[in-house]
Amino acid sequence: MRSLKLAKNLRDKTVLLRVDFNVPVKNRKVLDDFRIIKALPTIRFLLEKGAKIILITHLGKDGTVSLDPIKKHFFAISKLSKNKITFFDNIRKFSGETKNDEVFAKKLSLFGDIYVNDAFSVSHREHASIVKLPKYLPSFAGFQFEEEVENLSHVFKKTKHPFLFILGGVKFSTKMPLIKKYLKLADQVFIGGALANDFLKAKGYDVGKSLVSDNNYGIRELLKNKKLILPIDFIKKDKIILDIGSESVIKLASLIKKSKLILWNGPLGKYEAGGAEATKKVLKLIAISKAESIIGGGDTIALISAMKMENKFSFISTGGGATLDYLANGTLPGIKALE
Ligand code: 3PG
């Protein structure tokens, strides 16, 4: 990838800076700003070099949410002046973005002179602002993007074993296809969060009204794999699985103790409904283990910040699905677009 350090003559140029400020927002307040903070070195560098910046981000799936809380939070924490920074509209508001439309990307490129991608966490998406826009402008990778690639690439170049992969959260369509890959790469794959519901259902367990996906992803076949480990007990509320239970945490604790590499993405319980206890316990267990630990995914990061444990892991990735894709495939569409 072309590093931003190689960019020349940025003075008075307008930089289209793709960031991923898709952060948790509740009642118009940003709940966790890890991704925003991580983009600040690139933003400051561009301003120091005399550039003007148009920040491009998505928020939510379909672009219907307003960026106002993000803008407010961004200018408050960065203390940067509004003179040289503006925000483009929520990019997912435009259908050309997710359709990866050529004409849309070309039109977008007319707003700037240079393109910088500092949105590693959305670079697994073949979206116009990630893969098409760099075709029309001189393009560079931002500092956070580079940091992610540097830190994550050494994992698959020299993977330590036993390698424990913990996968939770929701986003079935992003994560389920990756489980097969990780069953090859890792020594144990523990499934928690809503993802586990599909497996438990396939095993004949009554998951009540818990969230399940509408696709079966060949789960029966996966269940035969000895590396696959499922929770063994649960905390339930109103017929919904809220969290994994204490026996499951004990099981995970013994796996953590034996591991030399732990990769974790997505909470183990329904975190937003009060099911964060197991995730917190497991975070503490990993923090005291000697294993190399890589943790990613928006909700897990939010918990780590709330627990003030940012320095307790080898690397905290801004990515969720992007991190998993990158580790499984060694590249991403957004990386190829910058080569
Ligand atoms: C994320 O939160 O993982 C990224 O912002 C990508 O979001 P998406 O899954 O809606 O593409």
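Reader: Let's start with the ligand: how far is its oxygen atom from an N or O atom in the side chain of Arg35?
Author: In this predicted model, an oxygen atom of the ligand sits 3.1 Å from an N or O atom in the Arg35 side chain.

Reader: Nice. What about the side chains of His58 and Arg125?
Author: For His58, a side-chain N or O atom is 3.0 Å from an oxygen atom of the ligand. For Arg125, the corresponding distance from a side-chain N or O atom to a ligand oxygen is 2.6 Å.

Reader: And which residues are around the ligand?
Author: The residues around the ligand are Asp20, Asn22, Arg35, His58, Lys61, Arg92, Ser121, Arg125 and Lys171.

Reader: Switching to cavities, then. How many of 30 Å³ or more turn up in the whole structure?
Author: The search finds two. The largest has a volume of about 70 Å³, and the second largest has a volume of about 40 Å³.

Reader: Which residues line the largest cavity?
Author: Its lining is made of Val19, Asp20, Phe21, Arg35, Lys38, Ala39, Asp118, Ala119, Phe120, Ser121, Gln144 and Thr318. Asp20, Arg35 and Ser121 belong to that lining, and they are also among the residues around the ligand.

Reader: Good catch! Which helix gives the most to that lining?
Author: That's helix H1, residues 34-48, with three residues.

Reader: And how does the lining of the largest cavity divide by class?
Author: There are five nonpolar, three polar and four charged residues.

Reader: Now the second largest cavity: what lines it?
Author: Gly192, Gly193, Ala196, Asn197, Leu200, Pro231, Phe234, Ile241, Asp243, Ile244 and Leu268 do. By class, they come out as seven nonpolar, three polar and one charged.

Reader: Which elements each supply at least two residues of that lining?
Author: Helix H8 (193-202) and strand S12 (240-244) do. H8 gives the most, with four residues.

Reader: Since S12 came up, how does S12 pair with S11, parallel or antiparallel?
Author: Antiparallel: strand S11, residues 234-237, and S12 are joined over four bridges. Within that pair, Phe234 stands opposite Ile244, and both of these residues also line the second largest cavity.

Reader: What links S11 and S12?
Author: They form a hairpin, with two residues between the strands. Asp238 lies in the turn and has a positive phi of about 50°.

Reader: Let's do the sheets. What is the order of the five strands in their open sheet?
Author: The order is S5-S4-S1-S6-S7, and the pairing is parallel. Strand S5 (85-87) and strand S7 (139-141) are the edge strands, each pairing on one side only. On average, neighbouring strands of this sheet are turned by 25° against each other, ignoring direction.

Reader: How many bridges join S1 to S4 in there?
Author: Five bridges connect strand S1 (residues 14-18) with strand S4 (residues 52-56), and the two run parallel. One of the partnerships is Thr14 with Lys52 in S4.

Reader: And what order do the six strands take in their open sheet?
Author: They run S10-S9-S8-S13-S14-S15, with parallel pairing. Strand S10 (228-229) and strand S15 (315-316) stand at the edges with a single partner strand each, so one side of each has no neighbour in the sheet.

Reader: How many bridges are there between S8 and S13?
Author: Five, in the parallel sense, between strand S8 (residues 163-167) and strand S13 (residues 261-265). Leu167 stands opposite Asn265 in S13.

Reader: Last topic, backbone oddities. Is the peptide bond from His161 to Pro162 cis or trans?
Author: That bond is cis, with omega near -5°. Pro162 is placed in the loop between helix H6 (143-157) and S8.

Reader: And what about the phi of Asn9?
Author: Asn9 is not a glycine, yet its phi is positive, about 50°. Asn9 is found in the segment before S1.

Methods
Residues are numbered from 1 along each chain as its sequence is written. This is a predicted model: local features need pLDDT of at least 70, side-chain atom pairs count only at pLDDT 80 or more; totals for chains, interfaces and linings use all residues. Side-chain values use heavy atoms; hydrogens and water are left out. Two strands pair if DSSP finds at least two bridges between them. Axes are lines fitted to C-alpha atoms, for helices over the stretch in contact, and angles run from 0 to 180 degrees between N-to-C directions. On a 1 Å grid over the protein atoms alone, a cavity is a set of points where a 1.4 Å probe fits but cannot get out, and a pocket is an open set with protein on both sides within 12 Å along at least five of seven lines; lining residues have an atom within 4 Å of a point. Grid points are joined across faces, edges and corners, and a volume is the space filled by probe spheres set on the points. Ala, Val, Leu, Ile, Met, Phe, Trp, Tyr, Cys and Pro count as nonpolar, Asp, Glu, Lys and Arg as charged, and the others, Gly among them, as polar. A residue is near a molecule or strand if one of its heavy atoms lies within 4 Å of it. A polar contact is a pair of N or O atoms within 3.5 Å; within protein, one must be able to donate a hydrogen and the other to accept it, and residues adjacent in sequence count only if both atoms are side-chain atoms.
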